[in-house]
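This report describes how two chains meet and how one of them is built up inside. Please view the sequence and the structure together while reading.

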Number of protein chains: 2
Amino acid sequence: MLYAKCMSKLFLIPNSLVDDDISVIPQYIFDTIKHLRCFMVENDKNARRFLRRLSADFPLQECEFFNLNEHTDEIDAQNFFESVCCNDIGIISEAGCPCVADPGADIVFAAHEKGMEVVPLVGPSSILLAVMASGLGGQNFAFVGYLPKDKGERMRMIKFLEKRSSLEKQTQIFMETPYRNLSLFQEIISACNPNTLLCVAADLTSKDQYIKTQTIQAWKKFQPSIDKKPALFLIKS
Amino acid sequence: MLYAKCMSKLFLIPNSLVDDDISVIPQYIFDTIKHLRCFMVENDKNARRFLRRLSADFPLQECEFFNLNEHTDEIDAQNFFESVCCNDIGIISEAGCPCVADPGADIVFAAHEKGMEVVPLVGPSSILLAVMASGLGGQNFAFVGYLPKDKGERMRMIKFLEKRSSLEKQTQIFMETPYRNLSLFQEIISACNPNTLLCVAADLTSKDQYIKTQTIQAWKKFQPSIDKKPALFLIKS
């Protein structure tokens, strides 16, 4: 679809990884977004709370909130822009950075098609923090999201990622629904070679932050306390 | 090598992407690192300037700065820790996040081996900002660093990444030495299919920030002004 060139901006607004702790959000974000009155958000109530944390005076009664979720596709995005053309808009993530393991990319793509300026803002990303802190190397890394649900396929995928990591010297990063963390951990331990390195990174930026890198062999001796906690797994072979 | 368990911490300290503009650095970083007196840095003078920006009173005369570069390997890291055991240490990046397309991973790995706590801090990463702002999807992406220098190999690599992106729905991200940006841009244009999407993201977080996503076909009609500017290239097929 072709749009007329539009001078409005789409701001991508990160949120903290830990409820209500906005100390990790740089001050310039508030200065940059304080004029916005139109937001795309996953959860209206949480977004309002976030804005109120940024500034107790944020004029929430003047703001409009539009629903953004994993089903918001390119067509929804185009319809959305038709209805609010040429106002600056913000996408607020529920946790971490919009569009990274989170919805929003279709909206951003539609904004590019429309000729809007896209302005990504700096904030926490559990993926990036995990790459930094793993010691496994951030010269070459891949985030592959969730592994397949079927156990057989998941085991094959883990072995595939281990092999790719070895062939391409590429750190492989993936995640799981928190209540399945421990079963994924066990599967990694049983699928990978003893010398492969595994980093487990959980509860990032919280006071319970847990980050540990060691060989599969060493991990066999104890299980990390990551049940029901947001976690990332990184392997390097 | 085995170390006695050590209670000291290694802090990974991001720096701004634009010289001296620390507005993108969250305030909690200063609060977290103000007790540090021992730093690993790529450039002593720049690190001092960064700390002075964080706080004009930072007691630089009490601080020690150790050299960190791409040749700092695991052996150097272990020697380093032998000599400064059990003090908290910070790694300050020249720009962006330590260990992500930047040196530091060997030091972090050695810290894990030593049983140190590794604390990654939140700050700007051009890679992550580019993924967010590309609209190409951050559910599955790979950063592969620099492409091969040889022109033939580089063209083959671009085609390989395009194919992988198509087969695995994985956004592929890479970079080039800034003065070679335009020749890489031309190579991408000539190597990729017309419908492949290319995002060019340059000068991120600066006032000249440039981020544009469109098809190769559309890019054929004009060349972005990215000569000698720090830039990332993202493709999705």
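How many residues does the contact take from chain B, and how many from chain A? In this predicted model, the contact takes 45 residues from chain B and 45 residues from chain A. On the side of chain B that touches chain A, the elements giving two or more residues are helix 1 (27-33), helix 4, strand 5 (117-120), helix 5 (126-134), strand 6 (141-146) and strand 9 (210-215) of chain B. Sorted by class, that side of chain B has 29 nonpolar, 15 polar and one charged residues.

Two elements show how the chains meet. Strand 6 (residues 141-146) of chain A is joined to strand 6 of chain B by three bridges, and the two strands run antiparallel. Within this pairing, Ala142(A) stands opposite Ala142(B). In addition, helix 5 of chain B lies across strand 1 and strand 5 of chain A, at about 140° to strand 5 of chain A.

Strand 1 and strand 5 of chain A belong to an open sheet of five strands, in the order 3-2-4-1-5, with parallel pairing. Its edge strands are strand 3 (64-67) and strand 5 (117-120) of chain A, each of which pairs on one side only. On average, neighbouring strands of the sheet are turned by 25° against each other, direction ignored. Between strand 2 (residues 38-41) and strand 4 (residues 89-92) of chain A there are three bridges, and Met40(A) stands opposite Ile91(A) in strand 4 of chain A. Helix 4 of chain A lies across strand 1 (9-13), strand 2, strand 4 and strand 5 of chain A, running at about 140° to strand 5 of chain A.

Helix 4 is described for both chains below.

| Helix | Buried residues | Residue that follows, with phi |
|---|---|---|
| Helix 4 (residues 105-114) of chain A | nine of 10 | Gly115(A), positive, near 85° |
| Helix 4 (residues 105-114) of chain B | nine of 10 | Gly115(B), positive, near 85° |

Because nine of its 10 residues are buried, helix 4 of chain B is largely enclosed by the rest of the structure. The buried residues of this helix include Asp106(B), Phe109(B), His112(B) and Lys114(B). In helix 4 of chain A, Asp106(A), Phe109(A), His112(A) and Lys114(A) are among the buried residues.

The domain assignment divides chain A into domain 1 (9-120) and domain 2 (126-236). The C-alpha centres of these two domains lie 30 Å apart, and their contact takes six residues from domain 1 and six residues from domain 2 of chain A. The side of domain 1 that touches domain 2 has five nonpolar, one polar and no charged residues.

How values were computed. Residues numbered from 1 in each chain as written. Chains lettered and ligands numbered in written order. Predicted model: local features only at pLDDT ≥ 70, side-chain atom pairs only at ≥ 80, totals over all residues. Buried ≥ 20, exposed ≤ 12 C-beta atoms within 10 Å, placed from the backbone. Helix = DSSP H or I, 4+ residues; strand = E, 2+ residues; numbered from the N terminus. Contact = placed C-beta atoms within 7 Å. Nonpolar A, V, L, I, M, F, W, Y, C, P; charged D, E, K, R; others polar. Pairing = 2+ DSSP bridges. Domains from an automatic or database assignment. Axes fitted to C-alpha atoms, helices over the stretch in contact; angles between N-to-C directions.
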